[in-house]
Amino acid sequence: MAEIFAYIKHADGVADDSALELFVAAKKIAADATVTAVVTGSGADMDKICTEMAAVYNAVWKIDNAALAYPNAEVVRKALVNTLPADSIVLLPHDTFGMDLGPGLSIKMDSSFAADIVGIEGTDGGALKVIRQEFSGQVSTHVTCDIAAGAVLNIRPGVFQYDDSKAGGDVADKSGDAGDLSVKRTFLEVVEAEAGDVDITKSEVLVSVGRGIEDEDNVEIVFDLAEAMGADVSCSRPIVDAKWMEKSRQVGTSGQTVKPKVYMAMGISGSFQHMGGIKGNPFIVAVNKNTKAPIFQVADVGIEADILEFIPELQEAIEGL
Amino acid sequence: MEILVCVKRVPDTSENEIEINSDGNDIERDDLVYSVNEWDNYAVEEAIQIVDKVGGSVTVVTVGDDESEEVLRREMAMGANNGLLLTDDAFEGSDGKGIATILKGAVEKGNYDLIMTGAQADEGAAQVGGMLAAMMDYPYASLVNLIEAGDGKLKVGREIEGGNQEMNEIELPCVLSIQTGINEPRYVGIRGIRKVASVEIPELGAGDLGVDAAAIGEDAAKVKRVDYFMPDMGEGAEMLEGSTEEIIAKLIEYLKAKGGLK
Ligand SMILES: Cc1cc2nc3c(=O)[nH]c(=O)nc-3n(C[C@H](O)[C@H](O)[C@H](O)COP(=O)(O)OP(=O)(O)OC[C@H]3O[C@@H](n4cnc5c(N)ncnc54)[C@H](O)[C@@H]3O)c2cc1C
Ligand SMILES: Cc1cc2nc3c(=O)[nH]c(=O)nc-3n(C[C@H](O)[C@H](O)[C@H](O)COP(=O)(O)OP(=O)(O)OC[C@H]3O[C@@H](n4cnc5c(N)ncnc54)[C@H](O)[C@@H]3O)c2cc1C
C-alpha cells in the first residue's frame with residue numbers, strides 16, 4: 001500500500017478543523033496505514049502546528065520556506081511534487097484551497113483524482129471505493145479510484161469528524177527537499193469581507209431564503225414574515241449572486257457562519273456549502289416543494305409547500321396570535 | 001486578448017427532479033431538460049466583458065455530443081464569437097482527466113491568452129480547469145470573482161472562506177475557474193439564439209485534435225462511477241402533514257417551544 005499523506009491547513013498558528021478530519025479519513029482507507037501529516041509554511045507557527053500533529057499522526061513532515069508563508073496553491077503544489085514519493089496518496093480538504101491545489105497536483109504527480117469525497121469504503125486490489133454526491137446532494141454515487149500509481153483525494157470538510165484516535169510520531173524536517181518554488185502566480189493580499197447593516201451571526205432566529213423565491217419582487221414576503229416573527233433575514237448564495245440581497249446576509253462557507261436557535265430554510269436545497277455555515281445545532285425548519293431536497297435530511301421539521309404561498313399564510317397566522 | 005471558455009451541458013436542476021434509473025447505473029436522462037452549467041455562464045459573460053474592454057475574441061468550447069451544440073449556440077447568442085464542438089465516440093466515458101486532455105488538444109490548436117472554466121459543474125468536482133492548467137504548464141487560479149486585465153498579466157481575486165477575497169497577480173497565458181457572482185450574466189432571448197442559428201460550428205474529433213486515444217475514454221478513466229443510489233436519509237426531518245392550517249398550527253407550536261417567536 002502506498003504511503004498516505006495529509007495536507008495540514010493552518011493559519012495564524014491554528015490548525016484548520018480539516019487537519020484532524022483527514023487523519024480519520026486516511027484510516028478509513030486502511031486502518032493500519034502509516035499516515036504522515038505534511039505541514040508547509042514559514043516561521044514561528046510551524047513548530048507549534050507540527051507538535052500538535054505529531055501527537056496524532058504517525059509522522060509529520062515539515063516543509064519550512066519563506067515562499068510558503070502564505071499557502072499559494074501553486075507554490076504548495078511545487079513543494080509537494082518535489083518532496084512526496086511518486087505514488088503517494090495525498091489527502092486534501094475539498095474547500096477553496098483544496099479545489100485550487102488538488103486537480104493540478106494529481107496531474108503533476110501523475111496520479112488519479114477524486115473530489116468532494118463524503119464516504120470511504122476501503123480498498124479492493126488497486127482500487128479505492130468512495131462515495132460522492134452529484135446534483136448538490138440529490139443523488140449519491142459509488143466511485144472507484146485507481147490508486148496503484150497514487151491519488152489525490154479531496155475530502156469534504158465536516159464529514160469525517162475527529163474521534164480522538166491517535167497514532168503519534170516524530171517530526172522530520174523536509175525543508176531541504178522543497179526545491180525550486182518559483183511560480184507564475186503571486187499572492188498579493190487578502191481583502192476582508194465588508195460588514196453589512198445586519199449582523200446575522202448574532203441572530204437568534206433566521207428566516208433564510210434560497211433560489212426557491214424565484215424573483216426579486218418576492219423577496220419582500222420574506223422580510224414581512226421575519227418582521228412578524230421578530231427574526232432576521234438571511235439567504236443562500238444565488239440570492240446574493242443575483243444582487244437581491246447584500247453579501248453580509250449570505251449563510252455558508254463563503255459567507256457568514258451563523259449560530260441561531262431556529263433556522264427557517266425557505267426554498268433552499270441544502271448544499272454542503274450552505275449548511276457549512278450553520279453551527280450550534282439549531283432547530284431547522286425546511287420548506288421546499290421537492291420532497292427529495294437534501295435539506296430534508298438535516299432539518300428537524302419539514303414542510304412540502306410552495307414558499308410563495310406558504311410564507312404569506314404563515315405570516316398571517318403569526319400576526320393573528 | 002484571445003479567450004477560450006470551456007462550457008458543459010448539464011441537466012438543469014431547477015427544471016428537473018433527478019431520479020435514478022431502474023438499473024441504478026445512471027440517472028434517468030430521457031426527459032431531462034438540459035442547460036449550460038450555471039458557472040459557465042458567468043465565465044462567458046466575463047470573457048465578453050474583457051474583450052469589450054481590451055479587444056480580442058471569445059471562443060466557447062465543449063466536449064460532448066451533437067446535442068451539446070445547443071449550449072454553444074446559447075453562449076454565442078450571449079456574444080461569444082466562435083464555437084468549437086469536440087465530439088468523438090472515443091471520448092465517451094472519459095473521467096475529468098480525460099475531459100481535460102481533450103480540451104488541451106483544442107487549446108494547443110489555438111493561440112489563447114486566457115482560458116476560463118466554471119468553478120464546478122453538476123458533479124461538484126471542480127477539477128477540469130486545474131488539470132488543464134497543469135497539463136499546459138500554465139498558472140491557475142480557481143474560484144475567481146474579480147479580474148483586472150493588465151499587460152501580460154492579470155490581477156485576479158479568488159473567493160476564499162468567509163466571503164474574503166484573496167488577491168493574486170497571474171501571468172498570461174493562464175487558466176482561471178470562475179465563481180458565480182463575478183458579474184450578472186446577460187439574458188439571452190429566443191431572438192438572440194435565432195441570430196446564431198445558422199452559424200457554422202466546427203466539430204473536431206480525436207484525430208483532428210491530435211489526442212492520444214489511449215489517454216481518453218472509458219478505458220483510460222482511472223476514476224469510475226460504479227452506481228447511483230439515494231443518499232441515506234438518516235433520521236431525516238419530521239414531515240408535517242395535513243391541511244395548510246393544520247401544518248401552520250403545528251409549526252407555530254414548534255416555533256414557540258424552540259424560541260422561534262418573539
Ligand atoms: C466554493 C463554493 C462556495 C459556496 N459557498 C456558498 C455559501 O457560502 N452559501 C451558499 O448558500 N451556497 C454556496 N455555494 C453554492 C452552493 O453550492 C449551492 O449552489 C447553493 O447553496 C444553492 O442555493 P439554493 O439552495 O438557494 O438553490 P438551489 O440549490 O437551486 O435550491 C433551490 C431549492 O428551492 C426549491 N424550490 C424552488 N421553487 C420553490 C418554491 N416555489 N417553493 C418551495 N421550494 C422551492 C427547489 O426544490 C430547491 O430545493 C458555494 C459553491 C461553491 C462552489
Ligand atoms: C455517460 C457518462 C459516463 C461517465 N463516465 C465517467 C467515468 O467513468 N468516470 C468519471 O470520472 N466520470 C465520468 N463521467 C463524468 C464526466 O466525465 C465529467 O464530465 C467529467 O468528469 C468532467 O465534468 P465535471 O462535472 O467533473 O467538471 P468540473 O471540473 O466540476 O467542471 C468545471 C468546469 O470544467 C469545464 N468542463 C467540464 N466538463 C466539460 C466538458 N465536457 N466540456 C467542456 N468543458 C467542460 C467547464 O468549464 C466546467 O464549468 C461520465 C459522464 C457521463 C455523462
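Me: A polar contact is a pair of N or O atoms within 3.5 Å; within protein, one must be able to donate a hydrogen and the other to accept it, and residues adjacent in sequence count only if both atoms are side-chain atoms. How many residue pairs are in polar contact across the interface of chain B and chain A?

Reply: The rule finds 40 such pairs between chain B and chain A, with both residues at pLDDT 80 or more. This is a predicted model, where local features need pLDDT of at least 70 and side-chain atom pairs count only at pLDDT 80 or more, while totals for chains, interfaces and linings use all residues. Residues are numbered from 1 along each chain as its sequence is written, chains are lettered from A and ligands numbered from 1 in the order in which they are written, and side-chain values use heavy atoms, with hydrogens and water left out.

Me: And how many salt bridges between chain B and chain A?

Reply: Eleven, where a salt bridge is a side-chain nitrogen of Lys or Arg within 4 Å of a carboxyl oxygen of Asp or Glu. One of them joins A:Arg185 and B:Glu166, with the closest N and O atoms 3.1 Å apart.

Me: What area is buried between chain B and chain A?

Reply: About 7,200 Å², and carbon and sulfur atoms give 56% of this. Buried area is the accessible area (1.4 Å probe) that two parts lose on being put together, summed over both. The contact (heavy atoms within 4.5 Å) takes 79 residues from chain B and 81 residues from chain A.

Me: Do strands pair across it? Which strand of chain A is joined to S9(B)?

Reply: Strand S13 (residues 185-191) of chain A, antiparallel to S9(B), through six bridges. Two strands pair if DSSP finds at least two bridges between them; helices (H or I, at least four residues) and strands (E, at least two) are DSSP runs, numbered from the N terminus. B:Met167 in S9(B) is the bridge partner of A:Glu189.

Me: Other topic. What is the order of the open sheet of six strands?

Reply: S15(A)-S14(A)-S16(A)-S17(A)-S18(A)-S13(B), with parallel pairing. Strand S15 (232-235) of chain A and S13 of chain B stand at the edges with a single partner strand each, so one side of each is left without a neighbour in the sheet.

Me: Which helix packs on S14, S15 and S16 of chain A?

Reply: Helix H5 (residues 219-229) of chain A, whose direction makes about 170° with that of S14(A). Axes are lines fitted to C-alpha atoms, for helices over the stretch in contact, and angles run from 0 to 180 degrees between N-to-C directions. Helix H9 (residues 307-319) of chain A lies across S16, S17 and S18 of chain A, at about 140° to S16(A).
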